[in-house]
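Here is a short report on how the parts of this assembly meet. Start with the structure, then read on by contact surface.

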There are 2 protein chains.
Amino acid sequence: MDKPVLRADARRNRARVLAAAEEAFAADGLSVPLDDIARLAGVGAGTVYRHFPSKEALFQAVVLERLEQFAAEARELADAEDPGAAFYDYFARVIKQASLNRAICEALGATTGSTDKAEIGTEFRANLSALLERAQAAGAVRTDLDGDDLRALIVGALAVERYSPGSHHLVRVLLDGLRTVTGAGS
Amino acid sequence: MDKPVLRADARRNRARVLAAAEEAFAADGLSVPLDDIARLAGVGAGTVYRHFPSKEALFQAVVLERLEQFAAEARELADAEDPGAAFYDYFARVIKQASLNRAICEALGATTGSTDKAEIGTEFRANLSALLERAQAAGAVRTDLDGDDLRALIVGALAVERYSPGSHHLVRVLLDGLRTVTGAGS
DNA sequence: CACGATACGGAGTGAGCGTTCCGGTTGTCA
DNA sequence: TGACAACCGGAACGCTCACTCCGTATCGTG
């Protein structure tokens, strides 16, 4: 890895770019022009490209940072006394936070389905699965779901939340579905 | 309204454009270049614009046509013997069909939230509500939801289906949530 | 302080795409 | 069949935007 120690101004500008990108991507998603990010950061477009090879790379850096925060939160709940409550609290919190962040919505909902995008946020994925499995073992969540399924359901919940924001009872429909015992229904 | 009777070739080309647009939009959504649609239809770009004022208008025409089909299907089920079964059958069918059509996904999921887009597909909206209310009256669906809520849930289900296609059990989670009696849960 | 390396800004480049324009073509009707 | 209006194709235009280039400014070191 190359870490030739950045010059002081370079390090500062890098941080500014990252902060500006986080704000801009969160508000408008990947569609925000890179020049806008540069202006918001108070630097030129060239400077952005010295720190990140492409707009896409900058986007992924921002998203990854956020996903690592989610992963950390999941880690804290990994051995809570009540696995069911921990799971549902976490689920609701992720939905609420992520729905306010368009970058996260777009990154999670990316229709790639597999391959490269699946590797991003591996830790988040793993911690989410751990939370799920513990809740299932405790009988709080139906057992016909795995981590990938849950991820898909999160994407769905995000779509619902984005479509009609603040509808608390809609997410509850999903939560009730998660609680349902396996095998029911026609 | 102006219907000055189109010339025979104009009418034929209009139909070709519509068919090509339906196919292209269904596959790639609004992002497909208009030139591609024109080429697929075997006409020039100018011809497309003689029939539709903008790419957006063409898109909406395609979407509206499809939504009217959905509305018609809902109308047929409006007085089925079993309101609950009618509702769930319809819901599952719409999800399956719409998830294969990226144009519909984008149109329904458009984040406008209200104003103009809300008016598109009014009939679909109304028939959907009718189906829902009948199922609720029959005790087959929880009663803390209205037509708009259901629409949001459809958008969510579409996101799930698009994210991991063919996962039959994921939609079932949502359906189980819809069946759940109101007032349960922490 | 002076000098080389590093980093900066922002104009410039090229590609993609929606939309328009117009010279040529084709349908229609007397 | 002739002539006019309606229609067609696709080149051209204008705009946006990711990305590059290079003359200039700044940092860090001896």
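## Chain A against chain B

Two residues are in contact if their C-beta atoms, placed from the backbone, lie within 7 Å. The model is predicted. In it, 28 residues of chain A are in contact with 28 residues of chain B.

Two elements give two or more residues to the side of chain A that touches chain B: helix H9 (147-163) and helix H10 (168-179) of chain A. H9(A) gives the most, with 11 residues. By class, this side of chain A has 13 nonpolar, 9 polar and 6 charged residues.

## The H9 pair

Two packed helices are described by the angle between their axes and the distance between the axes. For H9(A) and helix H9 (residues 147-163) of chain B, the angle is about 150° and the axes are 7 Å apart. H9(A) passes H9(B) in a right-handed crossing.

Which residues make the contact? On H9(A) they are Ala152(A), Leu153(A), Val155(A), Gly156(A), Ala157(A), Ala159(A), Val160(A) and Tyr163(A). On H9(B) they are Ala152(B), Leu153(B), Val155(B), Gly156(B), Ala157(B), Ala159(B), Val160(B) and Tyr163(B). The contact of H9(A) with H9(B) has 14 nonpolar and 2 polar residues, and no charged ones.

## Around DNA strand C

DNA strand C has 22 residues around it. Val43(A), Gly44(A), Gly46(A), Ala8(B) and Gly46(B) come nearest.

Which elements each supply at least two residues of the surface near DNA strand C? From chain A, they are H1 and H3. From chain B, they are H1, helix H2 (34-41) and H3. H3(A) has the largest share, 4 residues. The surface near DNA strand C divides into 9 nonpolar, 6 polar and 7 charged residues.

## Around DNA strand D

DNA strand D is surrounded by 22 residues. The closest are Ala8(A), Gly46(A), Val43(B), Gly44(B) and Gly46(B).

Chain A gives two or more residues to the surface near DNA strand D from each of helix H1 (8-28), helix H2 (34-41) and helix H3 (45-51). Chain B does so from helix H1 (8-28) and helix H3 (45-51). Here H3(B) gives the most, with 4 residues. The class split near DNA strand D is 9 nonpolar, 6 polar and 7 charged.

How values were computed. Residues are numbered from 1 along each chain as its sequence is written. Chains are lettered from A and ligands numbered from 1 in the order in which they are written. This is a predicted model: local features need pLDDT of at least 70, side-chain atom pairs count only at pLDDT 80 or more; totals for chains, interfaces and linings use all residues. Ala, Val, Leu, Ile, Met, Phe, Trp, Tyr, Cys and Pro count as nonpolar, Asp, Glu, Lys and Arg as charged, and the others, Gly among them, as polar. A residue is near a molecule or strand if its C-beta atom, placed from the backbone, lies within 6 Å of it. Axes are lines fitted to C-alpha atoms, for helices over the stretch in contact, and angles run from 0 to 180 degrees between N-to-C directions. A crossing is left-handed if the near helix is turned anticlockwise from the far one by less than a right angle, and right-handed if clockwise.
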